[in-house]
Amino acid sequence: MSNQSLYGRSDIATGYAGESNLQAPEETILRELIPFLPTAKMLDIGVGGGRTTLHFAKWVSEYVGVDYAERMVEACRRRFAGYPDTISFQVCDARSMEQFEADSFDFVLFSYNGIDCIDHEGRLTVLQEVGRVGKSGGTFAFSSHNLNSAVNFFEWRRMISLDPRRLRRTVKRLFLRFVYNRDVKLGTVRNSAHTLLSDRSYRCKMQHYYIRPLAQIEQLKEHFTDVRVFSLITGSEIKDMAELETVEDNWLYYLCRIK
Ligand SMILES: C[S@@+](CC[C@H](N)C(=O)[O-])C[C@H]1O[C@@H](n2cnc3c(N)ncnc32)[C@H](O)[C@@H]1O
């Protein structure tokens, strides 16, 4: 089943609509942006069940949440039915956002690895589209799976622990490697800047794009500047290039300025 079909399932939309908490780097980013949000028009791409709506929409002058899964949009409309009409939701694929004019938004968010549901070509198109609908000098924030973290289910020493308390984790890692990614070559994971890997989300197998942090920074250069990276674990900015080369958080948040 494709990622789009999975996100279109009502049980998955209901699951996402029950989520409320921000991740640590999202909290950091929100705190940093608060001074400029009251005058900002925000586009929340891949809004899912509206987890981020809860935290961001109240700060901005206008908020538009979009998702390519109709059921997610319906779930958001239900969840935020009593909210002011400065908050709206639309069905829209991030790869072709023709319904929005150029330079429409001051802040664009694509949270919780939504961008990783898309293949490499599609991802480049999304970045171009964000650059188009976002105002020059505006802000783009998103997260993406960290390819450095794949060592945990591709390198034997990381996969297996003899500690019985780690049995569940060992089984999960062996499953990821030998069931979900049995056709993926270790060399691909070791040597690529980015690749597609299968993992588990909402009890479903999904294919996601994983990228190394320095490759992500490079990929953003065409449409964005001032790229900053935030740790999933601590929520803090990782400034040190050597650390970015080796950091193994499962995913990282990126914050950048639209050119
Ligand atoms: C992991 S969920 C995250 C949902 C929500 N942003 C959150 O943080 O709770 C990813 C969301 O991105 C949406 N998505 C993935 N690819 C998309 C695309 N090309 N255009 C629009 N939405 C997309 C999915 O339908 C899904 O709702």
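**View 1. Residues surrounding the ligand in the predicted model.** The ligand is surrounded by 19 residues, each counted when one of its heavy atoms lies within 4 Å of the ligand, and the closest are Gly46, Arg51, Asp67, Ala94 and Ser111. This is a predicted model, in which local features need pLDDT of at least 70 and side-chain atom pairs count only at pLDDT 80 or more, while totals for chains, interfaces and linings use all residues. Residues are numbered from 1 along each chain as its sequence is written, and side-chain values use heavy atoms, with hydrogens and water left out.

**View 2. Polar contacts of the ligand.** For polar contacts, taken as pairs of N or O atoms within 3.5 Å, an oxygen atom of the ligand lies 2.7 Å from a polar side-chain atom of Arg51. One nitrogen atom of the ligand is 3.0 Å from a polar side-chain atom of Asp93, and a polar backbone atom of Ala94 lies 2.9 Å from a nitrogen atom of the ligand.

**View 3. An aromatic pair.** Phe56 and Phe107 form a tilted pair, because their ring centres are 5.8 Å apart and their planes stand at 45 degrees (centres within 6.5 Å; under 30 degrees is stacked, over 60 edge-to-face, the rest tilted). Phe56 belongs to helix 4 (residues 51-56) and Phe107 to strand 4 (residues 105-110), so that the pair links distant parts of the chain, 51 residues apart (helices, H or I, have at least four residues and strands, E, at least two, as DSSP runs numbered from the N terminus).

Note on methods
A polar contact is a pair of N or O atoms within 3.5 Å; within protein, one must be able to donate a hydrogen and the other to accept it, and residues adjacent in sequence count only if both atoms are side-chain atoms. Rings of Phe, Tyr and Trp (its six-membered ring) pair if their centres lie within 6.5 Å; planes under 30 degrees apart count as stacked, over 60 as edge-to-face and the rest as tilted.
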